[in-house]
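Biologist: I would like to learn how to read a model of this kind, feature by feature. Could we begin with a pair of helices and work outwards from there?

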Amino acid sequence: MTQKVAVLGTGKIGEALLSGMIRAGWSPADLLVTARRPERAEELRNRYGVTPVTNPEAAKTADTLILTVKPQDMGTLLDELAPHVPTDRLVISGAAGIPTSLLEERLAKGTPVVRVMTNTPALVDEAMSVISAGTHATGEHLAHAEEIFGALGKTLRVPESQQDACTALSGSGPAYFFYLVEAMTDAGILLGLPRDKAHDLIVQSAIGAAVMLRDSGQHPVTLRENVTSPAGTTINAIRELENHGVRAALIAALEAARDRSRELASGKNA
């Protein structure tokens, strides 16, 4: 691995990417970082042995630029980068809702751009990263993006037209599960359990269910039916979930997340 990679705007996800790449075999000497605050850049240098640079220096030096800034900060970053990015640089955008066409318009004509939506389980190497090619990105560019983000978990290639849906499902997805665990913990307390015990019961149940979904090859309906005995406790609980419209609420919530991703793409940041 001799290519230089720069992570620009290194927050939590950017730092997770750095640490994952190093664990996967990348040399810290080949990794550059930029950060808004100088003390943050020095913190990353001390922690990982990577080299802090400015955004223009990263554009001039690195073979691959990974933009991990928030969507509302992308325009400012592109203004700073555009004069310095040669057309042979691979630019990877990790900003939700920002299409590759926007970056292609702002950068030199022909610059290859790849769009990646990852999620916060990147912090524990269990991310789901969804990868799409821009107009000028080749299969080689996609493979390079997969190599980088594969250090954080699983990767999946999709057409860019599906990115907003993927953002709703997996980009925001961990928050839905945290919300559910929070609600179930409160229910456990209501049923008389101490908070710590309710938490442990729910978290391990969630881990076990996730592993079964991943490894069994069975449809979730089949797995649910295996737990649902006639006239038993589970079917009574599921009846209440259906009576309260939980399934419909989840569908509406994901549609709302998708729509917000589209709004971000159109520049509606408020």
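Modeller: Let us begin with H8 and H9 in this predicted model, two helices that are oblique to each other. An angle counts as oblique when it falls outside the ranges for roughly parallel, roughly antiparallel and roughly perpendicular, and here the axes of H8 (residues 173-190) and H9 (residues 195-216) cross at roughly 135° and come within 9 Å.

Biologist: What is the handedness of the crossing of H8 and H9, and which residues meet there?

Modeller: The crossing of H8 and H9 is right-handed. From H8 the residues are Val-181, Met-184, Thr-185, Asp-186, Gly-188 and Ile-189, and they meet Arg-195, Ala-198, His-199 and Ile-202 of H9. Sorted by class, this contact holds five nonpolar, three polar and two charged residues.

Biologist: H8 also packs with H7; at what angle do they pack, and how far apart are their axes?

Modeller: H7 (residues 163-171) packs with H8 at an angle of about 30°, and the two axes are 5 Å apart. On the H7 side the contact is made by Ala-168, Leu-169, Ser-170 and Gly-171, which meet Gly-173, Pro-174 and Tyr-176 of H8. The residues of this contact are four nonpolar and three polar, with no charged residue.

Biologist: Turning to H1 and H2, how are these two helices oriented to each other?

Modeller: An angle under 35 degrees counts as roughly parallel. The axes of H1 (residues 12-23) and H2 (residues 38-48) cross at roughly 20° and come within 12 Å, and the two helices are therefore roughly parallel to each other. H1 passes H2 in a right-handed crossing. In this contact Glu-15, Leu-18, Ser-19 and Ile-22 of H1 meet Arg-40, Leu-44, Arg-47 and Tyr-48 of H2, and by class these are four nonpolar, one polar and three charged residues.

Biologist: Now for single residues. How should I read a residue such as Asn-55, which UniProt lists for "binding site"?

Modeller: I would keep the record and the model apart, since an annotation may be inferred rather than shown by experiment. The UniProt listing of Asn-55 for "binding site" comes from an unreviewed entry. In the model, Asn-55 is placed in helix H3 (residues 55-61), and Asn-55 is buried because its relative accessible area is 15%, where buried means under 20%. Leaving aside neighbours within four places in sequence, Asn-55 is in contact with Leu-8, Thr-34, Leu-77, Glu-80 and Leu-81.

Biologist: Does UniProt also give a region, and what is the helix and strand content over residues 4-97?

Modeller: The same kind of record, again an unreviewed UniProt entry, annotates residues 4-97 as "domain: Pyrroline-5-carboxylate reductase catalytic N-terminal". Over residues 4-97 the chain is 40% helix and 18% strand, and the C-alpha atoms at the two ends are 27 Å apart.

Biologist: Is Pro-52 buried or exposed, and what does Pro-52 contact?

Modeller: Pro-52 is found in strand E3 (residues 51-52) and counts as buried, because its relative accessibility is 18%. Beyond its neighbours within four places in sequence, Pro-52 is in contact with Val-33, Ala-41, Glu-42 and Arg-45. Pro-52 and Val-33 are 19 residues apart along the chain, while their C-alpha atoms are separated by 4.8 Å.

Biologist: Where do Ser-129 and Ile-238 lie?

Modeller: Ser-129 lies in strand E7 (residues 127-133), and at 0% relative accessibility Ser-129 counts as buried. Not counting residues up to four places away in sequence, Ser-129 touches Val-116, Met-117, Thr-118, Phe-149, Lys-154, Thr-155 and Leu-156. Ile-238 is in helix H11 (residues 233-243), and at 17% relative accessibility Ile-238 counts as buried. With neighbours within four places set aside, Ile-238 is in contact with Arg-224 and Thr-228. The C-alpha atoms of Ile-238 and Thr-228 are 9.0 Å apart, and the two residues are 10 apart in sequence.

Biologist: How many helices and strands are there in the chain, and what percentage of its residues count as buried?

Modeller: There are 12 helices and eight strands in the chain, and 37% of its 270 residues count as buried. Along the principal axes, the C-alpha atoms fill a box of roughly 65 × 40 × 35 Å. Among contacts between residues at least 6 apart in sequence, 62% join residues at least 24 apart.

Methods. Residues numbered from 1 in each chain as written. Predicted model: local features only at pLDDT ≥ 70, side-chain atom pairs only at ≥ 80, totals over all residues. Heavy atoms only, no water. Axes fitted to C-alpha atoms, helices over the stretch in contact; angles between N-to-C directions. Helix = DSSP H or I, 4+ residues; strand = E, 2+ residues; numbered from the N terminus. Parallel < 35°, antiparallel > 145°, perpendicular 65-115°, else oblique. Left-handed = near helix turned anticlockwise from the far one by under 90°. Contact = heavy atoms within 4.5 Å. Nonpolar A, V, L, I, M, F, W, Y, C, P; charged D, E, K, R; others polar. Buried < 20%, exposed > 50% of the residue type's maximum accessible area, 1.4 Å probe, protein only.
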